[in-house]
Amino acid sequence: SLGCLIIGFSGGEVFLRKDFFEIAEYAKVKGFGIGVFTNGATISDNNILRIKSLNLLKLQIGFYGASNTTYTKVTRNPEARPKVMRALKLLNKHDVPFLLGGLVSKDNYWEFQEMIDIGKRLCNGQGRLKFGTSMIPRFNGDIEPLSYEISAEQKEYLHQSQLRRYVTTKPSRDVFCEAGISTVTIGPYGGIYPCTSLGISGGNI
């Protein structure tokens, strides 16, 4: 009734929520376009057909490094990369389109070209590649993640190099914040917020 057209599900990890498919399938019945943001590690034979049946507008999977060492450093999980590799093969097998992306950080900047090369092979016609460069604070206000952001010079290099097609457009000073105007966030416990980063409560559903 508010005119919302698209619902995006993110986490945490969305597929760990036991009622995720119940919620997403209901959203589909109500006519919403659906996007899902996931680390990919929980995509398996057990849920791939149900994922495909959602006919997602966007399935974005985080990709955090070319080497197992870097991937483990970023995710703090030595099993993450192998699980994601298996998930991407499964998505290709079942012809489920996806976007492979994430953030270019101090941890993976030096192997970003290799990440793109690996990503191209993994996409296999089903996927696209797009990475960001801007870090944001944690939801509790902790600014420690900002220390992982690459330098202005490194960002400029990426935007001037052949890799620019895989990096989001440089932010403009004139960018308009859509929080609470054309976007709204519903938290896992029903809280309503202007966006995922702005923790100003607007009530609870």
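**Helix α4**

I started with the length of helix α4, residues 80–93, in this predicted model. At 1.5 Å a residue, its 14 residues should span 20 Å, and the end C-alpha atoms are 20 Å apart, so the expected and the modelled span agree. Next I looked up which of its residues are buried, and the list reads Ala80, Arg81, Val84, Met85, Ala87, Leu88, Leu90, Leu91 and Asn92. What covers them? I found that the cover includes α2 (48–53), β3, α3 (68–75), β4 and α5 (112–123). After α4 comes aspartate 95, and I noted that its phi is positive, near 55°.

**Strand β4**

β4 turned up in that cover, and I went there next. Strand β4 takes in residues 98–103, and 5 of its 6 residues are buried, so the rest of the structure largely encloses it. I then checked its neighbours. Strand β3 (residues 58–62) runs parallel to β4, joined by 3 bridges. Strand β5 (residues 127–132) also runs parallel to β4, and here I read 6 bridges. Glycine 101 is a handy residue to find on screen: glycine 62 stands opposite it, and its bridge partner in β5 is lysine 130.

**Cysteines**

How many disulfides does a search of the whole structure find? I got 0. I wanted to see why cysteine 4 has no partner: the closest cysteine sulfur, in cysteine 195, is 15 Å away, which is too far for a bond, given that a disulfide needs the sulfur atoms within 2.5 Å. Cysteine 4 is partly exposed at 46% relative accessible area. Cysteine 123, by contrast, counts as buried at 5%.

**Aromatic rings**

I counted 8 aromatic pairs in the structure. One of them is phenylalanine 9 with phenylalanine 20, edge-to-face, with 5.4 Å centre to centre and 90° between the planes. This pair links distant parts of the chain, as phenylalanine 9 sits in strand β1 (residues 6–9) and phenylalanine 20 in helix α1 (residues 20–29), 11 residues apart. Are these two rings buried or exposed? Phenylalanine 9 counts as buried at 14% relative accessibility, and phenylalanine 20 counts as buried at 4%.

I also looked at tyrosine 64 and tyrosine 71, an edge-to-face pair with 5.6 Å between centres and 65° between planes. Tyrosine 71 is buried at 1%, whereas tyrosine 64 counts as partly exposed at 25%. Back at phenylalanine 9, I noted one aromatic cluster made of Phe9, Phe15, Phe20 and Phe21.

**Salt bridges**

My search of the whole structure gave 7 salt bridges. Arginine 50 and glutamate 25 meet in one of them, at 2.7 Å from N to O. That pair links distant parts of the chain, arginine 50 in helix α2 and glutamate 25 in helix α1, 25 residues apart. Both partners are partly exposed: arginine 50 at 42% and glutamate 25 at 25%.

Lysine 73 and aspartate 107 meet in a salt bridge at 3.3 Å, N to O. Here lysine 73 belongs to helix α3 and aspartate 107 to the loop between β4 and α5, 34 residues apart. Lysine 73 counts as exposed at 57%.

I also noted glutamate 79 with lysine 83, whose closest N and O atoms are 3.6 Å apart. Glutamate 79 is partly exposed at 47%, and lysine 83 is partly exposed at 31%. My last entry is a network of salt bridges that links Arg138, Asp142 and Glu144.

Note on methods: Residues numbered from 1 in each chain as written. Predicted model: local features only at pLDDT ≥ 70, side-chain atom pairs only at ≥ 80, totals over all residues. Heavy atoms only, no water. Buried < 20%, exposed > 50% of the residue type's maximum accessible area, 1.4 Å probe, protein only. Helix = DSSP H or I, 4+ residues; strand = E, 2+ residues; numbered from the N terminus. Pairing = 2+ DSSP bridges. Expected span 1.5 Å × (residues − 1). Contact = heavy atoms within 4.5 Å. Phe/Tyr/Trp six-rings, centres within 6.5 Å; stacked < 30°, edge-to-face > 60°. Salt bridge = Lys/Arg side-chain N within 4 Å of Asp/Glu carboxyl O.
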